[in-house]
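I opened this model to look up two things and keep notes on each. The topics are a sheet and a chain contact.

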Amino acid sequence: MARLIDPSRQLFASVVLPHLDSAYRLARGLAGGAADAEDIVQDACLRALKGIDGYAGGSARAWFLTITRNAAFTHLARKRPSSVLLASNSEEAELAMEAAADDAPDAEAGLIAQADAATLDAALDGLPPPFREIIVLREYNDLSYREIADITKTPIGTVMSRLARARALLLRALAPEPLGRTAP
Amino acid sequence: MNTGGFDDQLLQAALDGELDARGTLDFERARAANPALAAEYERLAALRGALRNRAENLRAPESLREKIAAMAMAENESAPAVPLSPPRSNVLGFGARPRMVLAASLLCAAALGGVATSVISRQATRQGPDRIAMLLVDDHRRALLAASPIDVESSDRHTVKPWFDARLALSPNVVDLSAKGVTLVGGRAEVVDGAPAPAMVYREREHLISVTALPAARFDALASTDSVNGYNAIAWRDGAFAYWAVSDLPRADLETFVADFKTAEAAGEASR
């Protein structure tokens, strides 16, 4: 059975298929659940197929991840409207987290390294979305600061400060304060 | 976060490999002198390790991959898009799914380049030394196409030989042919038919020559010559290795090279 494959679908396949894992990780990181992540990636693929003519070369991964990110936001806004924080609210969110947490406790690096999947997922889920996103892009997808800035359309300085805050918040969530220790 | 006074964002950048050489140097000095900074770095590195382990286990499920591959295979834009959540088997039937996936992977292969596909089809048909020559010519060509044709760059055989030793636990003869106007460029590690194989790379004028040493026990190559796609390949046997020289040099020149190689090899054995 011979099939004619139209060129845009061929392009779609070469651009999108190699980066499915990356997109899935981003979706998992942003949305939490596996079912949500699958829906998001499917939606992102439909969008990518529709918009494949807009792909102008360059990093296929960054292009597809940008689409996946948008699909994730649409999905989340539909599913739990109150939980989606826009990037501009992140400073506020940061202050809120800041107020909630005391000064950083000392923690054994080993304890952090041994955190299991469920603990990590919960800690990640507890981050305000802009911080969760930065962690997922950096650690799950190994993107450079420049690529993250392009995908999230934020200045590199903001990427760096968010990453620092996000990691500090994660460390606090993962490493419980030792007993009997008082904040300085 | 206690960094002992070190800039927090620079610490992140150090962890993420985003510092330039100067910044890295400054950071390494600060870390050596500042235990609080070193401890914080350890914590951050542990966090990174945990997150990356987690990410390793997050892969698009096969069912999702199949759906997307099917999406790419639909015949035209007006065809109904793949239903968002098709039941796993009965809509398309058991037979259809693997075929579509196969077609999708062929599509990817085609997108990656016709060279690879033609190689695969020829691999299936050629046998024996013929087949080895072809594999090695392909390795040679791939090395020429790669960013660098070598993994270790050195004109010193006393660097290249130990590198093979350490890397592959194989120690072929690496000879010095500079007297013949042939320079050693370096070496690379190949995998030929599933066996790791050291390849030495020489340069004669503007031509690169790959000399691959295969374990003679597995590749019982008699002295032979072959030509594949305009590349010449010459095989000979010496001790535990079957050597193959591959180059785009004219055959006569490659034969001279091989003769020089054997002479140098014999001289090397004698002087040891």
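My entries on the sheet come before those on the contact between chains.

**Entry 1, sheet.** I am working from a predicted model. I traced an open sheet of seven strands in chain B, with the order β1-β2-β3-β4-β7-β6-β5 and antiparallel pairing. I noted β1 (152-153) and β5 (224-228) of chain B as the edge strands, since each pairs on one side only.

**Entry 2, one strand pair.** I followed β2 (residues 182-192) of chain B to its antiparallel neighbour β3 (residues 195-204) of chain B and found ten bridges joining them. I looked up B:Gly186, and its bridge partner in β3(B) is B:Val201.

**Entry 3, helix on the sheet.** I found helix α8 (residues 157-168) of chain B lying across β1, β2 and β3 of chain B. Helix α8 of chain B runs at about 10 degrees to β2(B).

**Entry 4, chain contact.** I have 42 residues of chain B in contact with 44 residues of chain A. On the chain B side, α1 (8-15), α3 (35-56), α4 (62-73) and α5 (93-112) each supply at least two residues. The largest share, twelve residues, comes from α3(B). By class, I list the chain B side as 24 nonpolar, six polar and twelve charged residues.

**Entry 5, one helix pair.** How do the axes of α10 (residues 156-174) of chain A and α3(B) cross? I read roughly 85 degrees, with the axes coming within 11 Å. The helix α10(A) is therefore roughly perpendicular to α3(B). A:Arg167, A:Leu170 and A:Leu171 meet B:Arg43, B:Leu44 and B:Leu47 there. I class this contact as four nonpolar, no polar and two charged residues.

How values were computed: Residues numbered from 1 in each chain as written. Chains lettered and ligands numbered in written order. Predicted model: local features only at pLDDT ≥ 70, side-chain atom pairs only at ≥ 80, totals over all residues. Pairing = 2+ DSSP bridges. Helix = DSSP H or I, 4+ residues; strand = E, 2+ residues; numbered from the N terminus. Contact = placed C-beta atoms within 7 Å. Axes fitted to C-alpha atoms, helices over the stretch in contact; angles between N-to-C directions. Nonpolar A, V, L, I, M, F, W, Y, C, P; charged D, E, K, R; others polar. Parallel < 35°, antiparallel > 145°, perpendicular 65-115°, else oblique.
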